[in-house]
Every structure is written in structure tokens, then in C-alpha cells.
Amino acid sequence: MSADLVIRGAKVHTPAGFVPADVVVADGRIDGLVSPGETVADAATVLGAGCWLTPGFIDLHAHSALRSFDEPQMAAKVSQGFTTQLICPDGLGPAPVDDAHLNDRRDYLAGLEPSTLGTWSWRTFDEYLSVLDATVPATDLVSCVPHSALRQVVMGDDDRDATVGELRAMQELADVCLSAGGAAISFGMIYAPGMYGHGRELRALAQIAAKHGVALIPHVRNEAGESLAAMSEFIDACRGTGARLHISHLKLIGNETLLDELLGLLETAASRIDLSVDQYPYGAGSTLLTALLPPWAMDGGPSAALARVNDRAVRKKLAADMNHGLPGWENLFGSCGPEQVTITQARGLDEVVGCTVAQAADILHCDPATAVIEICARTDLDAAMIDHYSSERVVHEIYRRSGSMLGSDGVFNPSPHPRLYGSTGRFLGRFAIRGNLAPVTEVIERMTARPAAMLGLADRGVIAPGRRADLVLLNPQEFVDTASFENPCSYTTGVYGVWVAGQKVWTGATPTGARPGHVVRIGKGDTL
């Protein structure tokens, strides 16, 4: 037997569990699993004694839609074993886009998809995927079709229901984007303008997802006291159309007494529709600072919102709603409190980056709600945050009981959430290997085979002959997250090597410089 690479001596994760075997790689694929020590001619050899060899990890919630323009090696991702990323979650993404909304879209996304080198030369979803592919990323990138982008192109940024004609136009545009290789339709029901869509609109797009056999992937409208209704909104859309449903970053903001009822709702729904969830393994989130503003603040788009936060009379109404809440609104400001929200990005206002909103209020000499509004105004809305919303107990219970897959939700901010660097080391290393919260072999499947199946990636997720050689060599005694809220840019330890399509992208300490990834278009025959 001859090959390009053989990894010897590791315990290999297979559908049957861990087995002692040497893994042979040729032409970017698994050529075979052979008996330990069997001769393989002309192959480079990597010794994996004391290590596990697993399939490459799949990040089901990656804010990397523009990252490859600035840093195609994506060290934060490959260092923890991610070899495939699902981009454009939360209904947010760079395409499709039209000339009228391009600048507003780019500015609105800046807090979640920061980039200085993104070209924005595309208009269609197909053009975006081609331009992104030309950046030659280290990992594979698979893209959702973002609902907010569809809605904005068809009907702008207004807070109103779509007409019958607009619904048909959104369906047609979604159909074109999925035909170009989109993997799902994502929704962000706390982001504009997607937040203004309701039942009829969700069902209309669910019909197109069902036609293509892909999932709806929502950030639901409320993850706090009204989370059951928010989940039901999408469960109902899928029951009525036959579409699959995958819930992004399952969580519960406060209201811990709802946990059993929430998990029970999902368990019942899973008996009626094809339903799955993902989770990041932290009790804190990270998103745009504008998410603290009441929904009406974004009516008309970023330009209109910017005018509001600069209007003294409107500011009083914004602050009052933030302090007192509105019916049906999640209100993270009220749920978390200003002491539990940290500023991670604020363009041109570096003095508040790394500060809590309460601390920023002291710096800016105002009350906390006004501080949020002031930061939004001074940064032209280019600001982001970390919000601490949940106990570890709830995070652990969701992990144990929901069968959650892994979505890092990592954002490349100046002061990022530790999940950007530490998600796999925490999800597998801290929770399963060290914490025994779930069986290790099952958790690895939740990071590999299950997400691959959910996305229709038939060529990866399992170490077996013919499958793509996306591989992670890790030492289970050392594999754990080191990133913290105080020191977030710290690599997960115990990762000895990461391969994408048989090429090594991570050495155990640094990227190799290899960039074997590409943009995968679902249904286009480029995954096999």
C-alpha cells in the first residue's frame, strides 16, 4: 500500500467507537484503516501514541462570512479542530444585497462580521460564494441563505408585513440562492429587518426550504420568558410545510424554572418534525450592542436607527423602554443588567472596550441605558457586547438533555468572547472528558457525523475509507479550553494536529500556512 500520509498509534474514533488502527490518507481522502504497524510505502508518518484521532469538527454557527478576506488561515478556528464552518447564521450575511442597501448592510454587520479587506464586489448569493471561494480559506465554508438579506432586498428595512407579491419575491430569491448551493435558510428574529417577519412569512420560506430538503436555522425571537412561544413559531412553520428545523444556540436567558418545559416542548416537537439544536458551552452571549435597543429603534434600517440614537427627544423614549421593557420584547438590557454586559467592540471609542455598560456609564458620565445609546451613536452603530445571562447549571442541563451539536458563535472582535478560541475544548474537553456530562463518543458524533448529516455533507464526519481526510489529533489528557473572559485569545491545549482534505493546517502551536479549504455548495456535487 502507498499513500501520502499515515497517522500511527492513535485510538481512532469510528462509528463503532474508538479502535486501535493506523489511518492512511491519499489524495485528500481516507484510503483505509490498517492494522497498527502495517507497512505503508512512500507515506509521511505522524505518530499519535496516547492520542485520539477524530473527524474534523464542524462549527454550526460561525460568524466567518468575511473573515477569510482578512485572515484566511483562521487560526482561532483551526487551532481548536474546526475544519468546516457554517456561515451566515442569525439571518445575517453579506449576500444577496442590492446597491440601495449595500452601505447600510456593511455597517450593520460590522459588529458581528468585522472586516477591513472584504471587497463587497458581489450582489447575488452566487457571486458572493465565488468571491469568497477565491480567498482560499484554510477550512471549508458552507453558507446559510440569510433571511434578513432576502427581506431587505425585496422590501427594505420597514417594520411591516410583507404583501403577497413580496412573499412570492422572497420565495423566488430564496429558491435562487439555495439552487446556487445554500445549505439552509437562517433567521435572526432579534435583528433587523428579519425581526419584522412573522408567521406567514416564515411559512412561505419554510416551503422553499422543504422543496430543497434543507433546514430552517433560527435565532428565535425570544430566549427568555417567552421562549416557548418563540420556539413554537418555527415548530409550527415546519409542521405545516415539512421543512426541517435546527435551533441555533439553544439557551434560556434567566427564567430557569422554564427549563424543563422548554426541553419538553422540543422533545415533543422532535417526534413530529425533523428537529435538532446546537449550543455554545457558555452562559454568556455575544452580539451587536444594538440588540439592547427596543425593536422599533431599527425600523427603517441602520440609517434611521442612527438618526434616532442622535435625537435627544427619541433617546428618552429609547432609555425608558430599555429600563422598563415592552410586551413581547426579550430586553437583554433588563434581563442581564448593565453590570453583566461588557463592550467588546466600539469603533473610535476605545476607552469603553472591555468595560461593562455600568463602567462605561461612569466614563461617559451618564446612566447605563443612555451609555448604550451614546456608544451606538458615537460608533455609528459599530459596537458589540458580551452579555452574561445564564448559570452553568442551565448550560450543563441543556448539554446533557438536548443532544446539542456545537456552534461556536465566535465573533472576531477586538476583545472577543472566549468561545471564539475555546468552544471545542470546553464542549468536549471540559464537559465530556473531564466533567462526564455525556459519553465522549456521543459528544464527538455531535461535533462531526451529526452536523455533517444535518447539512448534507456526505463526504465527511466519519473516519472511514473514501471519506474526506478532515482529521483532529488530540491528547485527551491535555485537551481543554484555556480562553477566559479575562484572556479570551488563548488557544485550546492538547491539539497536536489538524488536517483539512489531508493537508495539515495546524501543527499544535501555530497554523502551517496551508489553505486547502473551499466554499462548499450544497447540492452541487462538490462535497464528494
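Guide: A polar contact is a pair of N or O atoms within 3.5 Å; within protein, one must be able to donate a hydrogen and the other to accept it, and residues adjacent in sequence count only if both atoms are side-chain atoms. This model is predicted: local features need pLDDT of at least 70, side-chain atom pairs pLDDT 80 or more, while totals for chains, interfaces and linings use all residues. Numbering runs from 1 along each chain as its sequence is written, and side-chain values use heavy atoms, without hydrogens and water.

Visitor: Which side chains form polar contacts with that of His63?

Guide: His63 sits in the loop between β8 (57-62) and α1 (67-70) (DSSP runs: helices H or I, at least four residues; strands E, at least two; numbered from the N terminus). One polar contact spans 3.3 Å and another 2.9 Å. The partners are Glu113 and Asp409.

Visitor: Is His63 buried or exposed?

Guide: Buried means under 20% relative accessible area, exposed over 50%, partly exposed in between (1.4 Å probe, protein chains only). Residues touching His63 (heavy atoms within 4.5 Å) include Pro89, Leu112 and Phe412. With a relative accessible area of 2%, His63 is buried.

Visitor: What does helix α8 reach from its first C-alpha to its last?

Guide: Helix α8 covers residues 227-241. Its buried residues, Met231 and Phe234 among them, pack against elements including α7 (199-212) and β13 (215-219). Gly242, with a positive phi near 85°, follows α8. The expected span, 1.5 Å times one less than the number of residues, is 21 Å, close to the reach of 22 Å.

Note on methods:
Lists of a residue's contacts leave out its neighbours within four places in sequence.
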